[in-house]
Amino acid sequence: RSAERNIKIQDRLLHIDDKKVYLTEMETKFMNTVLKNAPYAATFDEIAESMWGEDSDRFSLYALSRTQANIRLKLRALGHEDLLHTIRGKGVAINSN
């Protein structure tokens, strides 16, 4: 069993334990929503609303999934590629392992 990770975002800088990486504005909104909902999944609608606000009804799942893919690349560089867990048809959660 791995120790619980210390995760926070400050000034668009994602901190995971002693490692950090810069996020874009949209990546920051995405991650803030997922972290805020932990340990539960943030729904795709909740994530979209945080990213696009009043225009969230016109968001594309492609744009949302591209943002998540970009975040995963950054997480992989930190050795935390398993941090995000997609729950099919529901949303995205923080992997507790």
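Is Thr-33 buried or exposed? In this predicted model, Thr-33 is buried, with a relative accessible area of 5%, and the legends below begin with the whole chain before turning to the close-up views.

**Figure 1. Overall view of the protein chain, with its 3 helices and 6 strands.** Read from the N terminus on, the elements follow the order β-β-β-α-β-α-α-β-β. The C-alpha trace spans about 40 × 25 × 20 Å along its principal axes, and the radius of gyration of the protein chain is 13 Å, which agrees with the value near 13 Å that a compact globule of 97 residues would have. Of the 97 residues, 37% count as buried, while the chain exposes about 6,300 Å², of which carbon and sulfur atoms supply 47%. Among contacts between residues at least 6 apart in sequence, 45% join residues at least 24 apart.

**Figure 2. Close-up of the hairpin formed by β1 and β2.** The two strands pair in the antiparallel sense over 4 bridges, with 2 residues between them, and Asp-11 in the turn has a positive phi of about 50°. Within this pairing, Ile-9 of the hairpin stands opposite Leu-14 in β2. The side chains along β1 alternate, in that Ile-7 and Ile-9 point to one face and are buried, whereas Lys-8 and Gln-10 point to the other face and are not buried.

**Figure 3. Close-up of the largest nonpolar core, which has 22 residues.** The residues with the most contacts inside this core are Leu-14, Phe-30, Met-31, Val-34, Ile-47 and Leu-84. Several elements each supply at least two residues of the core, namely the strands β1 (7-10), β2 (13-16) and β6 (91-94), together with the helices α1 (25-37), α2 (44-52) and α3 (61-78). When residues up to four places away in sequence are not counted, Leu-14 touches Ile-7, Lys-8, Ile-9, Lys-19, Lys-20, Val-21, Leu-23, Met-31 and Leu-75; one of these, Met-31, is also listed among the core residues with the most contacts.

**Figure 4. Close-up of the open sheet built from 3 strands in the order β4-β6-β5.** The pairing in this sheet is antiparallel, and the edge strands, each of which pairs on one side only, are β4 (42-43) and β5 (84-87). Between β5 and β6 the antiparallel pairing extends over 4 bridges, and the bridge partner of Leu-84 in β6 is Ile-94. Leu-84 is also one of the residues with the most contacts inside the largest nonpolar core.

**Figure 5. Close-up of Thr-33, a residue found in helix α1.** The side chain of Thr-33 reaches the backbone oxygen of Lys-29 at 2.9 Å. Leaving aside neighbours within four places in sequence, Thr-33 is in contact with Ala-42, Glu-46, Ile-47 and Ser-50. Thr-33 counts as buried because its relative accessible area is 5%, which lies under the 20% cut-off. For a sense of distance across the model, Thr-33 and Leu-13 are 20 residues apart in sequence and 15 Å apart in space, C-alpha to C-alpha.

**Figure 6. Close-up of Asn-37, which also has its place in helix α1.** A polar atom of the side chain of Asn-37 lies 2.8 Å from the backbone oxygen of Thr-33, so that the view continues directly from the residue shown in the preceding legend. At 17% relative accessibility, Asn-37 counts as buried. When residues up to four places away in sequence are not counted, Asn-37 touches Ala-42 and Glu-46, and Ala-42 and Glu-46 are likewise among the residues in contact with Thr-33. The C-alpha atoms of Asn-37 and Ile-94 are separated by 8.8 Å, although the two residues are 57 residues apart along the chain; Ile-94 is the bridge partner of Leu-84 described for the sheet.

How values were computed
Residues numbered from 1 in each chain as written. Predicted model: local features only at pLDDT ≥ 70, side-chain atom pairs only at ≥ 80, totals over all residues. Heavy atoms only, no water. Core = buried A, V, L, I, M, F, W, Y, C linked by side-chain atoms within 4.5 Å. Buried < 20%, exposed > 50% of the residue type's maximum accessible area, 1.4 Å probe, protein only. Contact = heavy atoms within 4.5 Å. Polar contact = N/O pair within 3.5 Å; in protein donor to acceptor, adjacent residues only side chain to side chain. Rg over C-alpha atoms; globule rule 2.2 N^0.38 Å. Areas by Shrake-Rupley, 256 points an atom, 1.4 Å probe, with all protein chains shown as cover. Pairing = 2+ DSSP bridges.
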